[in-house]
2 protein chains.
Amino acid sequence: MGNQRLYKGTLQTIVLTLLEEKGKMYGYEITQKVKALTKGSLTITEGALYPTLHKLEAEGLLEVEVVRVDNRLRKYYTLTDQGSRETAHKLSEMEAFIETLQRIVNLKPA
Amino acid sequence: MGNQRLYKGTLQTIVLTLLEEKGKMYGYEITQKVKALTKGSLTITEGALYPTLHKLEAEGLLEVEVVRVDNRLRKYYTLTDQGSRETAHKLSEMEAFIETLQRIVNLKPA
DNA sequence: ATATATACCTAAGATTGTTAGGTATTACAA
DNA sequence: TTGTAATACCTAACAATCTTAGGTATATAT
């Protein structure tokens with residue numbers, strides 16, 4: 001909770017990174033994973049997640065496989081090759097951005 | 001350059017923190033300061049900055065003093081007491097958020 | 001039975017930032 | 001002296017992103 005506002009812009013990177021680590025995940029699993037990883041401090045809403053997954057798929061970064069488990073559908077997403085490259089790219093961008101932010105708020109010298 | 005998208009949501013915190021450090025600043029100065037601090041990697045657009053300054057002022061976090069320098073106007077902004085408290089709050093939120101992000105992307109255990 | 005968890009989805013609205021203008025003064029170079 | 005860049009403010013249309021608030025359906029526990 002607190003400042004969910006800061007989270008704007010980071011969702012794609014979060015999703016891609018989790019997929020890179022886990023290999024494949026489905027949407028609901030991602031929401032639960034993030035909740036667990038952050039001890040509840042960050043909640044990914046489904047209204048944000050599902051459109052993001054669809055967009056990443058449309059861009060060719062993700063592939064989908066639909067599986068029926070307990071008579072319910074799961075859509076497992078995996079990274080394409082392009083998705084892996086883009087993940088590495090977005091991750092390094094995020095790391096650079098975090099450093100930038102820290103430099104600004106701590107006023108570290110250039 | 002790179003991912004300006006990540007920067008969404010952080011502008012208020014950046015502005016407030018710079019003001020806390022510097023005491024008072026005017027808009028144009030803030031854009032230049034951020035450019036310098038980040039060696040050009042983060043550019044605050046005026047279309048984002050000025051509305052943000054006006055909003056923070058409307059919320060009672062900033063005070064304005066108009067000064068004429070070289071026959072040009074400068075609007076110096078300073079933190080109100082409420083602004084100082086809010087700055088501390090937003091800063092700690094940002095630190096927590098950065099930790100959260102790092103935990104997710106590095107998959108650090110909870 | 002009923003509520004909660006699982007699992008997907010979308011649409012309206014809000015927030016926030018970009019793009020692309022506008023005004024005006026000062027400083028510097030051609 | 002004329003034009004361009006820098007300084008210094010501003011706004012409006014658009015775009016991207018997320019929240020809120022629904023919807024559908026099955027499984028599980030009370």
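## Chain A and DNA strand C

In this predicted model, an N or O atom in the side chain of Lys8(A) is found 3.1 Å from a base oxygen of DNA strand C. Chain A also approaches this strand through its backbone: an N or O atom of Gly27(A) lies 3.4 Å from a phosphate oxygen, and an N or O atom of Leu73(A) lies 3.3 Å from a sugar or linking oxygen. Two or more residues of the surface near DNA strand C come from each of α2 (27–37), α3 (46–58) and β3 (72–79) of chain A, and from α3 (46–58) of chain B.

Around DNA strand C there are 27 residues, of which Tyr26(A), Tyr28(A), Thr45(B), Lys55(B) and Arg72(B) come nearest. Sorted by class, this surface holds 10 charged, 10 polar and 7 nonpolar residues. On the DNA side, 72% of the strand C atoms within 4 Å of the protein belong to sugar or phosphate, while the rest belong to bases.

## DNA strand D

DNA strand D is likewise surrounded by 27 residues, and those that come nearest are Thr45(A), Arg72(A), Arg5(B), Tyr26(B) and Tyr28(B). The side chain of Arg72(A) has an N or O atom 2.6 Å from a base oxygen of this strand. Phosphate oxygens of DNA strand D are approached from chain B, where an N or O atom in the side chain of Tyr26(B) is 2.6 Å from one and a polar side-chain atom of Tyr50(B) lies 3.0 Å from one.

The surface near DNA strand D draws at least two residues from each of α3 of chain A and α2 (27–37), α3 and β3 (72–79) of chain B. Its residues divide into 7 nonpolar, 10 polar and 10 charged, and 71% of the strand D atoms within 4 Å of the protein belong to sugar or phosphate, with the rest in bases.

## How the two chains are related

Chain B is superposed on chain A by a rotation of 180° with 0.0 Å of shift along the axis, at an RMSD of 0.0 Å, which is the relation of a two-fold axis. Within chain B, the C-alpha nearest this axis belongs to Lys8(B), at 3.0 Å from it. Because 100% of the interface residues of chain B are also interface residues in chain A, the copies meet through the same surface.

## The nonpolar core

The largest nonpolar core contains 56 residues, among which Ile14(A), Ile14(B) and Ile30(B) touch the most other members. Leaving aside residues up to four places away in sequence, Ile30(B) touches Val15(B), Leu18(B), Met25(B), Ile44(B), Leu49(B) and Leu53(B).

Conventions: Residues numbered from 1 in each chain as written. Chains lettered and ligands numbered in written order. Predicted model: local features only at pLDDT ≥ 70, side-chain atom pairs only at ≥ 80, totals over all residues. Heavy atoms only, no water. Near = heavy atom within 4 Å. Polar contact = N/O pair within 3.5 Å; in protein donor to acceptor, adjacent residues only side chain to side chain. Helix = DSSP H or I, 4+ residues; strand = E, 2+ residues; numbered from the N terminus. Nonpolar A, V, L, I, M, F, W, Y, C, P; charged D, E, K, R; others polar. Core = buried A, V, L, I, M, F, W, Y, C linked by side-chain atoms within 4.5 Å. Buried < 20%, exposed > 50% of the residue type's maximum accessible area, 1.4 Å probe, protein only. Contact = heavy atoms within 4.5 Å. Least-squares fit on C-alpha atoms with pLDDT ≥ 70 in both.
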